[in-house]
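Have a look at the chain below before reading on. The report walks through one part at a time and keeps to what the coordinates show.

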Amino acid sequence: MELSAKSADGTSLLYNESFWTGKRSLSVNGKAAKKIGKKLFKIDESSDSGDAPSLAGEYEIVGSFITGVTVKTPSRESVVLAKNKWYDWLMMFFPFVGIIFGVAFCGAIGGGLSALFCFSAMIINVSVSRTKLPMVGKIFLQLFIAVIANLAWFGLYFIIAVWLLSAIS
């Protein structure tokens, strides 16, 4: 998942984070930064032109794609690449309501399916929250994703339950 922004001095930051592996990368004005720690990157060379700011220094990543990402530049400027608003947090965890019903009423199979589908819906909702859609569009799309995920796990659970009951009798 990719996030980008410009700092106050015009430096372009491009941040990539893999949700599955947690691998992170940072590019500053198109130059790849060398990873020197879990959340620390470094650029050794300075800019070639005299009027552009120097890129050399350490860049620290604060947060993650899910919680929001801020990059601290060598000049100690904090550049916010992504920040969750209150409705982003609400829509991020809204699909998990289905897990309660899956565990309480559908046993191990329903609990497992609901956890898998609801977790996937959460990841998709986080991706939607990082798009440039208007707030109302994001909320309706995230609600739709949560409802579809919960209908999908319940539909699959129902098919498995009917199949198991018919096999037993």
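Which residues of α3 are buried? They are Lys 138, Gln 142, Ile 145, Ala 146, Ala 149, Asn 150, Trp 153 and Tyr 157. Please keep in mind throughout that this is a predicted model.

**The helix α3**

Helix α3 runs over residues 135-168. With 34 residues at 1.5 Å a residue, α3 should span 50 Å, and its end C-alpha atoms lie 49 Å apart, so expectation and model agree. The cover over the buried residues of α3 includes α1 and α2. An α-helix has 3.6 residues a turn, so residues three or four places apart point the same way. That is a handy thought to carry back to the list of buried residues in α3, which includes Gln 142, Ile 145 and Ala 149.

**The nonpolar cores**

The largest nonpolar core holds 21 residues, and the members that touch the most others are Leu 26, Tyr 59 and Leu 81. Two or more residues of this core come from each of β2 (12-17), β3 (24-28), β6 (40-43), β7 (57-64), β8 (68-72), β9 and α2 (97-129). Another core, of five residues, lies apart from it, and Cys 106, Leu 113, Trp 153 and Tyr 157 are among its members. Trp 153 and Tyr 157 also appear among the buried residues of α3.

What does Leu 26 touch, leaving aside its neighbours within four places in sequence? Its contacts are Leu 14, Tyr 15, Lys 31, Ala 32, Ala 33, Phe 41, Tyr 59 and Ile 61.

**Around β3**

Ser 27 sits in strand β3. Is Ser 27 buried or exposed? Its relative accessibility is 19%, and since buried means under 20%, Ser 27 counts as buried. Beyond residues up to four places away in sequence, Ser 27 touches Ser 12, Leu 13, Leu 14, Ala 32 and Ala 33.

Asn 29 belongs to the loop between β3 and β4 (31-32). Although Asn 29 is not a glycine, its phi is positive, at about 50°. With a relative accessible area of 38%, Asn 29 is partly exposed.

**Strands β7 and β8**

Thr 70 is part of strand β8, and Val 62 is part of strand β7. Setting aside neighbours within four places in sequence, Thr 70 is in contact with Glu 60, Ile 61, Val 62, Ser 78, Val 79 and Val 80. Counted in the same way, Val 62 touches Gly 68, Val 69, Thr 70 and Lys 72. Val 62 is partly exposed, at a relative accessible area of 33%.

Over in helix α2 you will find Val 103, which is exposed, with a relative accessible area of 52%.

The table sets out three pairs by their separation in sequence and in space, C-alpha to C-alpha.

| Pair | Apart in sequence | Apart in space, C-alpha to C-alpha |
|---|---|---|
| Thr 70 and Val 80 | 10 residues | 4.3 Å |
| Val 103 and Asn 125 | 22 residues | 22 Å |
| Val 62 and Ile 159 | 97 residues | 44 Å |

**The largest pocket**

How many residues line the largest pocket? There are 14, and those that lie nearest its centre are Leu 3, Leu 81, Arg 130, Thr 131 and Lys 132. The elements giving two or more residues to this lining are β1 (2-6), β9 (78-83) and α1 (86-93). The volume of the largest pocket is about 290 Å³. Sorted by class, its lining has seven charged, four nonpolar and three polar residues. Leu 81 is worth a second glance: this residue is named both near the centre of the pocket and among the members of the largest nonpolar core that touch the most others.

Key. Residues numbered from 1 in each chain as written. Predicted model: local features only at pLDDT ≥ 70, side-chain atom pairs only at ≥ 80, totals over all residues. Heavy atoms only, no water. 1 Å grid on protein atoms, 1.4 Å probe; cavity = no way out; pocket = protein on both sides within 12 Å on 5 of 7 lines; lining within 4 Å. Points joined across faces, edges and corners; volume = space filled by probe spheres on them. Helix = DSSP H or I, 4+ residues; strand = E, 2+ residues; numbered from the N terminus. Nonpolar A, V, L, I, M, F, W, Y, C, P; charged D, E, K, R; others polar. Core = buried A, V, L, I, M, F, W, Y, C linked by side-chain atoms within 4.5 Å. Buried < 20%, exposed > 50% of the residue type's maximum accessible area, 1.4 Å probe, protein only. Contact = heavy atoms within 4.5 Å. Expected span 1.5 Å × (residues − 1).
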